[in-house]
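Dear colleague,

Please find below the structure that I am handing over to you. My findings follow after it, arranged by region.

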Amino acid sequence: MPTYTSSELMTINSARLLRDGDSVFVGVGLPNLACNLARRTHAPNLLMIYEAGVIGARPARLPLSIGDPTLVTGAASVCSMYDIFTLYLQRGNVDVGFLGGAQIDRYGNINATVIGSYDHPSVRLPGSGGSQEIAAWANRCYIMTPHQKRRFPEKVDFITSAGFLDGKGGRTAACVRGGGPQAVVTDLGILSPNETGELVLTALHPGATLEQAIANTGWQLKIAEPLRLTEPPSAEELRILRTELDPAGIYLHR
Amino acid sequence: MSKLVSLNEAISRNVRDGDCLYCAGFTHLIPFAAGHEIIRQGRRDLTLARATPDLLYDQMVAAGCARKIIFSYMGNPGVGSLRILRSEVESGRLEWEEYSHFSMISRLQAGAAGLPFIPMNQTGATDLERANPNFRRVVDPYSGCEVIVVPPLKPDVGIVHVQRADSSGNAQIWGIIGEQKEVAFASERVILTAEEIVDEEVIRSDPNRTLIPGFIVDAVVHVPYCAHPSYTQGYYDRDNAFYLEWDKISAAGPEAVKAYLDEWVYGVKDREEYRQKLGPQVLSRLQVKPRLAAPVNYGEY
């Protein structure tokens, strides 16, 4: 069996969640790798949309920034930021959004703004960028993050992007169109919302244990029945990631 | 009418202490040369607005130009945090006003369109709305649902860098067009910097590519390599190595930042001297091979 890093494991499992024909709001880093991997494997008709206003991007090299010029050359269309957030996201033309953040809570709410109080922050983070609207308006959202207790508190310090707020009815009450977080892919397994909107463990990666997942989650983690075991990364998935997408190991940390 | 002036003159005439300034460009076409000229001219108490402050505002804050920052993503794109801004905000030394990208850009759109406010659908994430009183709610008179509204942003000065413009300021941009057009229309005074100044006939050969009409522009400046370490599509690449380097410089503390400013901002007369100082190795690393678009036929009528 091939060996792989946590980043490779999360990227490959996220790529598998994408469906052929999806329009995806892509972020830089691992989400970018996951989308390009999906497009080279099971989802050749994936439409990649970048927050910088690029539609149908075919990046020839690994973009370091969200506005890399390689996203533009050969793309299907380029538009303004106002257009990307209105015509594409707010209008409901985005199937999938990828999100990240310093903290993710029991109901999938994300904090990318501040640790401590807002007015007197102990750690000031970069803030929303596009994530507040992606989380609200994409049909499905996926989150990729290492499984660590400090990243999974019971309640986030600040809701930058809405998950299910206080429970499944929270989004409807706020008139939010998108379906919310559908999966949190970690290096131990996958969390998905149950019928109340609470994130529960639905899958473990090969070699990871229930005890590890429970110990690294800040709330009493519920376990889905039956608990699934993810397929290990295939040699082909690893080959594409390592030789075609991130040969220098910038994001995969090899 | 020619509005061509030097960058020094454009800044000294149009940027005043206490102004609200918006340097346009989402990763692309960030007018670094103009920001550096503002630092050299010693402007103070500026309100610096940008969706992504980027290294430029980190440097301007380090140089003491700013009183306040208005932003929606305060990170070094693809690298990490903007260390100077972050520590100024954490310590409370710098005033800040925060948005999401969409609400920030909506403010500019309202400013550009002459609207009193602009609506957005709710997102469910209400913490920012509580932290910033500029977010309000109104009831949609048609559906009865609440929508979020923000007021227009009308900067005193907007600075926009473009690939090419004629001497009266008709300007063409391609690649990522971010919020350039909105900044130009929203701002009271507009400074345009361009990689190339071309004949009016070149602009008129492709009018669909003109995002900014000359009559809203106050000053036109020819500044090749203006955007470095950001980039200009088709002219030179983004200097990703410098974005990583700035992370090290700003992590090393105020002395290292001062040394950088002394050498690369105060120590050069203008952008041409800066470009030459970068040297042939950097310039050739950032060179891009041409890839031309198919020509379009407007027709003779």
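**Findings**

In chain B, Met120(B) has Ile148(B) of strand E9(B) as its bridge partner. Please bear in mind throughout that this is a predicted model.

That pair belongs to the pairing of E7(B) with strand E9 of chain B, residues 146-150; the two run antiparallel and are joined by three bridges. The wider arrangement is an open sheet of three strands, ordered E7-E9-E8 in chain B, with antiparallel pairing. Strand E7 (118-120) and strand E8 (136-139) of chain B are the edge strands; each has a single partner strand, so one side of each has no neighbour in the sheet. From one strand to the next, the twist averages 45°. Helix H5 of chain B, residues 101-113, packs on this sheet and touches E7 and E9 of chain B. The direction of H5(B) makes about 155° with that of E7(B).

**The sheet of chain A**

Chain A holds an open sheet of 10 strands with mixed pairing, in the order E4-E3-E2-E1-E5-E10-E11-E12-E13-E14. At its edges stand strand E4 (77-78) and strand E14 (223-229) of chain A, each with a single partner strand, so one side of each is left without a neighbour in the sheet.

Strand E11 of chain A, residues 181-185, merits a closer look. Why is E11(A) described as largely enclosed by the rest of the structure? Four of its five residues are buried, so the description follows. With strand E10 of chain A (residues 140-144), E11(A) pairs in the parallel sense over four bridges. Within E11(A), Val184(A) is the bridge partner of Ile143(A), and Val185(A) stands opposite Met144(A). Towards strand E12 of chain A (residues 189-193), E11(A) runs antiparallel, and two bridges join these strands. Val185(A) also stands opposite Ile190(A) in E12(A). The connection from E11(A) to E12(A) is a hairpin through three residues.

**Helix H7 of chain A**

Helix H7 of chain A (residues 235-245) has Glu237(A), Leu238(A), Ile240(A), Leu241(A) and Leu245(A) as its buried residues. These cover an arc of only 160° around the axis, and therefore lie on the same side of H7(A). The other side of H7(A) carries the exposed residues Ala235(A), Glu236(A), Arg239(A), Thr243(A) and Glu244(A). Helix H1 (6-15) and helix H2 (30-40) of chain A are among the elements that cover the buried residues of H7(A).

The packing of H2(A) with H7(A) can be given in figures. The angle is about 115°, and the axes are 10 Å apart. The crossing of the two helices H2(A) and H7(A) is right-handed. On H2(A), the contact is made by Leu33(A), Asn36(A), Leu37(A) and Arg40(A), and on H7(A) by Glu237(A), Ile240(A), Leu241(A) and Leu245(A). By class, the residues of this contact between H2(A) and H7(A) are five nonpolar, one polar and two charged.

**Helix H1 of chain B**

In helix H1 of chain B (residues 7-14), the residues Leu7(B), Ala10(B), Ile11(B) and Asn14(B) are buried. Their arc around the axis is only 95°, which puts them on the same side of H1(B). They pack against helix H2 (32-40), strand E10 (157-165), strand E12 (189-197), strand E14 (219-222) and H11 of chain B.

**The contact between the chains**

Chain A contributes 40 residues to the contact and chain B contributes 41 residues. On the side of chain A that touches chain B, helix H3 (81-90), strand E9 (121-124), helix H4 (131-137) and helix H5 (169-173) of chain A each supply at least two residues. H3(A) gives the largest share of that side, namely four residues. The side of chain A that touches chain B has 22 nonpolar, 14 polar and four charged residues.

**A residue after helix H11 of chain B**

Finally, Asn297(B) is found in the segment after helix H11 (271-285) of chain B. Is Asn297(B) buried or exposed? Asn297(B) counts as exposed, because there are 5 C-beta neighbours inside 10 Å. From C-alpha to C-alpha, Asn297(B) and Ala63(B) are 49 Å apart in space, and they are 234 residues apart in sequence.

With kind regards

Technical notes: Residues numbered from 1 in each chain as written. Chains lettered and ligands numbered in written order. Predicted model: local features only at pLDDT ≥ 70, side-chain atom pairs only at ≥ 80, totals over all residues. Pairing = 2+ DSSP bridges. Axes fitted to C-alpha atoms, helices over the stretch in contact; angles between N-to-C directions. Contact = placed C-beta atoms within 7 Å. Buried ≥ 20, exposed ≤ 12 C-beta atoms within 10 Å, placed from the backbone. Arc of directions from axis to C-beta. Nonpolar A, V, L, I, M, F, W, Y, C, P; charged D, E, K, R; others polar. Left-handed = near helix turned anticlockwise from the far one by under 90°.
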